Amino acid sequence: MIVNLREILKTAEDKKIGIGAFNTPNFECLCAVLNAAETLDLPVIISHAELHEKLSPLSAIGPAMVLAAERSKVPVCVHLDHCKTMDYLEYALNLGFTGVMYDGSDLPFEENIRKTKEAVKIAAGYNCGVEGELGYLSSKESGASGSAEKSGPVYTDPDEAVLFCKETGIDALAPSFGTAHGIYKSKPILDLGRVKDIHALTGLPLVMHGGSGVSPEDYKKGIRNGLRKINYYSYMARTGAAAVKELLAKEEVTYFHDMALAAEKAMEAEVLTAMKIFADI
Ligand SMILES: [Zn+2]
């Protein structure tokens, strides 16, 4: 069944668990994530990132995501990840998306407030929750690599977070506390005390971006400290690619569908493992 971001994060808050949010730019990812969620009987968030538009147009994958969520046996939120433009946001809302993230994290503070507020106002006419981001994470949501950047991360200031949440009226906040998008080159060092402070001060469910590659201990501590949505994609996509390489090394493959299936099954196993950690089961 399809549920909105507010409801699914309320469940996470009540149970003090984290809910996995997985990008599903193609059908194999979509099946992998929903099959894992149904096997575990856990709520899940499926996301589409604006950055993946060229790889997978929202007009093609969006309706499939909404339909799959509606037909699922478990609660599923269909979420727009890292949206930068209001037209794109409205397009997703009209498709039936039930969560949107407006990402103004690269804007000056006041500008981020103004634009995020605008996103909240647009989403108010729909059955949809809104996530905002404050602070700046390294790398981009390409799922391709953690390439070096000119500027480093900017950690979220707890007092600014309080003002940001109050002014914008968002339902969930993505703070910056040491995670990065893409593949980690070294073990990430997280400021989970900052997460605890921001959660206590804002009272909002918090979101971990760049969630893949974090240790099980850090996930668990982060969830205890208020992380409720864990974005996980890069390592899942890499696992799919590794399964295809393994298959090609093992046997002569004639048909693409055999590669797609190998990738799907490997990603499903990876999602299953991640969801178990997030739900502490
Ligand atoms: Zn992200």
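This is a short walk along helix α10 and the residues it touches, in a predicted model.

Helix α10 covers residues 256-279. At 1.5 Å a residue, its 24 residues should span 34 Å, and the end C-alpha atoms are 34 Å apart, so the expected and computed spans agree.

Start with Glu 264, which sits in this helix. Glu 264 is buried and yet makes no salt bridge. The nearest side chain of opposite charge belongs to Lys 265, at 4.1 Å; the cut-off for a salt bridge is 4 Å, so that pair does not count. Setting aside residues up to four places away in sequence, Glu 264 touches Glu 28, Cys 31, Ala 32 and Asn 35.

Now the nonpolar core. The largest one has 70 residues, and those touching the most other members are Phe 22, Leu 173, Met 236, Met 275 and Phe 278. Helix α2, residues 27-40, gives the most to this core, with 8 residues. There is also a second, separate core of 14 residues, which includes Ile 17, Ile 45, Cys 77 and Ala 172.

Back to Phe 278. Beyond its neighbours within four places in sequence, its contacts include Ile 17, Phe 22, Tyr 219, Ile 230 and Tyr 232.

Next is Ala 279, also in α10. Is Ala 279 buried or exposed? Its relative accessible area is 9%, so Ala 279 is buried. Outside residues up to four places away, Ala 279 touches Ile 17, Gly 18 and Leu 42. Ala 279 and Leu 42 are 237 residues apart along the chain, with their C-alpha atoms separated by 8.2 Å.

Last, just after α10, Asp 280 takes a positive phi of about 55°.

Terms used. Residues are numbered from 1 along each chain as its sequence is written. This is a predicted model: local features need pLDDT of at least 70, side-chain atom pairs count only at pLDDT 80 or more; totals for chains, interfaces and linings use all residues. Side-chain values use heavy atoms; hydrogens and water are left out. Helices (H or I, at least four residues) and strands (E, at least two) are DSSP runs, numbered from the N terminus. Buried means under 20% relative accessible area, exposed over 50%, partly exposed in between (1.4 Å probe, protein chains only). Lys and Arg count as positive and Asp and Glu as negative; His and the chain ends are not counted. Contact means heavy atoms within 4.5 Å. The expected span of a helix is 1.5 Å times one less than its number of residues. A nonpolar core is a set of buried Ala, Val, Leu, Ile, Met, Phe, Trp, Tyr and Cys residues joined through side-chain atoms within 4.5 Å.
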